[in-house]
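Trainee: Before I use these structural terms in a report, I should like to understand the reasoning behind them. May we go through them together?

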Amino acid sequence: MDLDPEGIFRDDSDSESELYEEKEPTKELAVYLIDASPKMFAPITALENGNKETYFHVAIDCIAQSLKSQIIGRSYDEVALCFFNTKEKKNLQDVNGVYVFNVMERELIDRPTAKLIKEFSSIEDKFMSTIGSRYGVLPGSRENSLYNALWVAQALLRKGSVKTSSKRILIFTNDDDPFGSMTGALKADMIRTTTQRAKDAQDLGISFELLPLSRPDEEFNVSMFYADMIGLEGTDISQFLPSASEKLEDMKDQLRKRIFKKRKVRTLIFSIANGISIQVNTYALIRPTVPGAIMWLDSVTNLPLQTERSFICADTGALIQEPSKLFHPYKNQMVQFSKDQILEVKKVSNSHLRLLGFKPLDCLKDYHNLRPSTFIFPTDEEIIGSTCIFIALYRSMLRLKRFAFAFYGKSSNPRLVALVAQDEIISSSGQVEPPGMHMIYLPYSDDVRHVEELHGTGDAIAPRATDDQIKKASALMRRIDLKDFSVCQFANPALQRHYGILQALALDEDEMPDIKDETLPDEEGLARPGVVRVLEEFKIAVYGENHDQEEADSLSMRGSRSEASRKRKEMAETAERESSRYNWVDLAESGQIIAKSVVCHLKLGPLESTEQAEGPDRYRVEVLLNRTQPSGDWEERGSDKQNLDPFGQVNSVWHGSQLESPAAA
């Protein structure tokens, strides 16, 4: 078999050194360059309140939203904010027309903070008075604020290594020809020096992203200047504007989500047969997202606290410096174990992953999956030839339509797993699904719970759906079918609300950000005539013609029960108000609480008021509970007398009627 690992698992342009030595950057450093020329303060559209939205406002809003999302998703990334074409200057190079925006207690390029976002979001109101706007390139002058801005941004990005961090410069502008006011040799020289400055930065591993703000009457012409500066050629120029506008919208409407770094989970040894083992990396493609862990902060400095744990001898009180040892009592002796011995006892298998055999794919059921699968990809870092063996196994499994049955012998929870080969899927936009294997976690026989059967009594026949009901249900399902459904379309509303609350607290915002709950039903779609019609037909087929009347009767019964519940609630509130009139502590200390009584009314008949009625409806019983009253005592209550049992419990009360006991009532 002709094996070609380079052709399947990496691009042909990759060199051998890149395959083994290239590491993915773990942090991103970004500098936002915002054009502050007078063109950026031109109005775009008029808002409902009469104000006009400017290009500068759009840029500030996009960056602010991006920084808010970055705190949640990529908290270790660092940013710097820089304006060019300004009147004032503030930069380490002391060049004109460039203002590096920052706040106290923060480096020029550092993690975004709540104070930085809050002040940057409100900078538009005081920008003209504190920083100012001007044209950075003027006729007859050799001053070039764009060149100066690139110089300052490149100097800010000297922090960090290219191997461990990716570096970007993002430019926001609505001027497609920054040197349009210049002519002749001076213009050509400025274009040449600015383009060369950008290429020098790219040679140092810094990438450029242009986010153009097109004017309503004129489209941004990237080929005028910026195509040469950022290195666009051929078809990339025609495809640039649509992709750039998508990036801008993504920045404005970014979803609050945690962005996990695409790193390997661990490296496993895959034992295929006796003497044949390969090395694979595992990746977690799906994992539950939960709110961040609680972090304890110092009450004075607001810095994170570090928790340290020390062991103290119970006999001497001295601090124990030696590593702790574990023991187990056995025949009146303490048998000690070291940590290495405990790990050896817990070890189930020497190899991490051991092949047991192969089965047809139709033997693997959907309900066999216990948890999200783990993706497996070969690596030749330690065992040379792992990729070739993996490809041979991978291609054979695809051709024969079989999956590998294996034992994953990790110490904490050893599992039986199924290795399912996934073919590579490529579309016009690039790779959709990578080649590799999914490790699906299978249940043991102890994990399988059989469904309990319902046994009918006698000759009872279990209800079955009729053909008409099945037909109506099928029509309903076809009508409300979700087109192009994907779980990636729905965000967790609880997490979105959690992040929104954190944002409002950190930025001292008066109102909560609007959280769109995408899990709510589409009421507008369900109200369409076609959906309403098939839904009504399904209800008639299942519940009958009079289902509306039955539903109304059910609602009325619920209403009556809710009315009774409302009355009980009102009575409880009234009793609570009456109870609050007394100071029970003072009454108990002064001995006056003995004279108070709790009155419970038991009504006989439909008597609704305390007025005396005629006939049988006049009977009314008041049970007085006064357990603190001494036994055998009598209490006069108007003309009524209450008879107490030896335990202080009221037996009966007379209201002019002959009533011998509560039981008689």
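Mentor: The discussion below concerns a predicted model and takes its descriptive terms in turn.

Trainee: What is the overall make-up of the protein chain?

Mentor: The protein chain contains 18 helices and 23 strands. Of its 665 residues, 31% are buried. The accessible surface is about 44500 Å², and carbon and sulfur atoms account for 53% of that area.

Trainee: Why is helix 13 called roughly antiparallel to helix 16?

Mentor: The axes of helix 13 (residues 467–479) and helix 16 (residues 529–543) cross at roughly 155° and come within 9 Å. Angles over 145 degrees count as roughly antiparallel, so helix 13 is roughly antiparallel to helix 16. The crossing of the two helices is left-handed.

Trainee: Which residues of helix 13 and helix 16 make the contact, and what is their character?

Mentor: Helix 13 contributes Asp468, Gln469, Lys472, Ala473, Leu476 and Arg479. Among those from helix 16 are Val534, Glu537, Phe538 and Ala541. The residues of the contact divide into 8 nonpolar, 2 polar and 5 charged.

Trainee: What makes Gln196 partly exposed?

Mentor: Gln196 has a relative accessible area of 41%. Buried requires under 20% and exposed over 50%, with partly exposed in between; Gln196 is therefore partly exposed.

Trainee: Where does Gln196 lie, and how far is it from Tyr147?

Mentor: Gln196 belongs to helix 7 (residues 184–203). Its C-alpha is 9.6 Å from that of Tyr147, with 49 residues separating the two in sequence.

Technical notes. Residues numbered from 1 in each chain as written. Predicted model: local features only at pLDDT ≥ 70, side-chain atom pairs only at ≥ 80, totals over all residues. Heavy atoms only, no water. Axes fitted to C-alpha atoms, helices over the stretch in contact; angles between N-to-C directions. Helix = DSSP H or I, 4+ residues; strand = E, 2+ residues; numbered from the N terminus. Parallel < 35°, antiparallel > 145°, perpendicular 65-115°, else oblique. Left-handed = near helix turned anticlockwise from the far one by under 90°. Contact = heavy atoms within 4.5 Å. Nonpolar A, V, L, I, M, F, W, Y, C, P; charged D, E, K, R; others polar. Buried < 20%, exposed > 50% of the residue type's maximum accessible area, 1.4 Å probe, protein only. Areas by Shrake-Rupley, 256 points an atom, 1.4 Å probe, with all protein chains shown as cover.
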